[in-house]
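Open the structure in your viewer and get the selection tool ready. We will go stop by stop, with something to pick at each one.

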Amino acid sequence: MSDDGASHGLTKWHGTTIIGVQRGDKIVIAGDGQVSMGNTVMKPNARKVRRIGENGKVVAGFAGATADAFTLFERLEKKLEQYNGQLLRAAVELTKDWRTDKYLRNLEALMIVADAENLLVLTGNGDVLEPDGGIAAIGSGGNYALAAARALVDYEDDPETIARKAMAVAADVCVFTNGNVTVETV
């Protein structure tokens with residue numbers, strides 16, 4: 001789904017917006033449902049945000065190639081099992097593999113993941129980033145959603161409301177993002 005052959009964060013991801021918002025002890029990840037191929041909407045209701053890990057204690061959202069994202073979801077679930085549900089440790093180990101493994105390093109996706117304590121952005125460059133101000137966004141509409149959410153935090157305390165309003169702004173501006181939003185809370 002890249003348009004310039006670059007990978008891991010340098011690519012313009014078409015067909016998605018994912019946002020994570022942390023306020024107090026509540027973290028929300030929201031994502032739209034549009035899958036685009038070029039300028040054509042292939043599917044309007046994909047589910048790019050889902051619960052993973054034991055008892056669904058981790059929420060993950062992806063931007064990028066779908067098959068690549070599912071591979072990363074599976075790998076993250078295995079790391080969560082290996083490290084007893086410790087998201088930060090599992091994320092670091094996944095990104096190490098992602099950066100160094102011949103097969104994994106070709107995967108073109110970004111992820112936002114969260115558990116009860118952490119909100120993280122994972123990249124194929126080996127990055128595990130904790131977002132500044134408790135807001136992270138990825139995908140083609142990510143910058144629009146990020147800007148909207150940052151503007152809303154001074155006026156709104158509920159992370160789900162912030163995420164939904166930010167997604168609505170992204171859907172209005174980004175042609176590769178729609179209003180079919182999936183929201184998961186931890």
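Start by selecting Arg-50 and Ala-60: Ala-60, in E6, is the bridge partner of Arg-50. Next to pick is Arg-51, which stands opposite Val-59 in E6. Before going on, note that this is a predicted model, where local features need pLDDT of at least 70 and side-chain atom pairs count only at pLDDT 80 or more, while totals for chains, interfaces and linings use all residues. Residues are numbered from 1 along each chain as its sequence is written, and side-chain values use heavy atoms, with hydrogens and water left out.

**The five-stranded sheet**

Now select strand E5 (residues 49-52) together with E6; the two run antiparallel and are joined by four bridges. Strands here are DSSP runs (E, at least two residues), as are helices (H or I, at least four), numbered from the N terminus; two strands pair if DSSP finds at least two bridges between them. E5 and E6 make a hairpin with five residues between them, and in the turn Gly-53 has a positive phi of about 80 degrees.

Widen the selection to the open sheet of five strands, E5-E6-E7-E8-E9, whose pairing is antiparallel. E5 and strand E9 (128-129) are the edges, each with a single partner strand, so one side of each has no neighbour in the sheet. Add helix H2 (residues 87-100), which packs on this sheet and touches E6, strand E7 (109-114), strand E8 (119-122) and E9; contact means heavy atoms within 4.5 Å. The direction of H2 makes about 5 degrees with that of E8, taking axes as lines fitted to C-alpha atoms (for helices over the stretch in contact) and angles from 0 to 180 degrees between N-to-C directions.

**An aromatic pair**

Show the side chains of Phe-62 and Phe-73. They form an edge-to-face pair, 5.6 Å centre to centre with 80 degrees between the planes; rings of Phe, Tyr and Trp (its six-membered ring) pair if their centres lie within 6.5 Å, with planes under 30 degrees apart counted as stacked, over 60 as edge-to-face and the rest as tilted. Phe-62 lies in strand E6 (residues 58-64) and Phe-73 in helix H1 (residues 66-82), so the pair ties together parts that are 11 residues apart in sequence.

**The four-stranded sheet**

Move to the open sheet of four strands, ordered E10-E1-E2-E11 with antiparallel pairing. Its edge strands are E10 (135-139) and E11 (182-185), each pairing on one side only. Select E1 (residues 17-23) with E10 to see an antiparallel pairing over five bridges; within it, Thr-17 has Gly-139 of E10 as its bridge partner. Helix H3 (residues 142-152) lies across E1 and E10, running at about 160 degrees to E10. Finish with helix H4 (residues 159-173), which packs on the sheet and touches E1, strand E2 (26-31) and E11.
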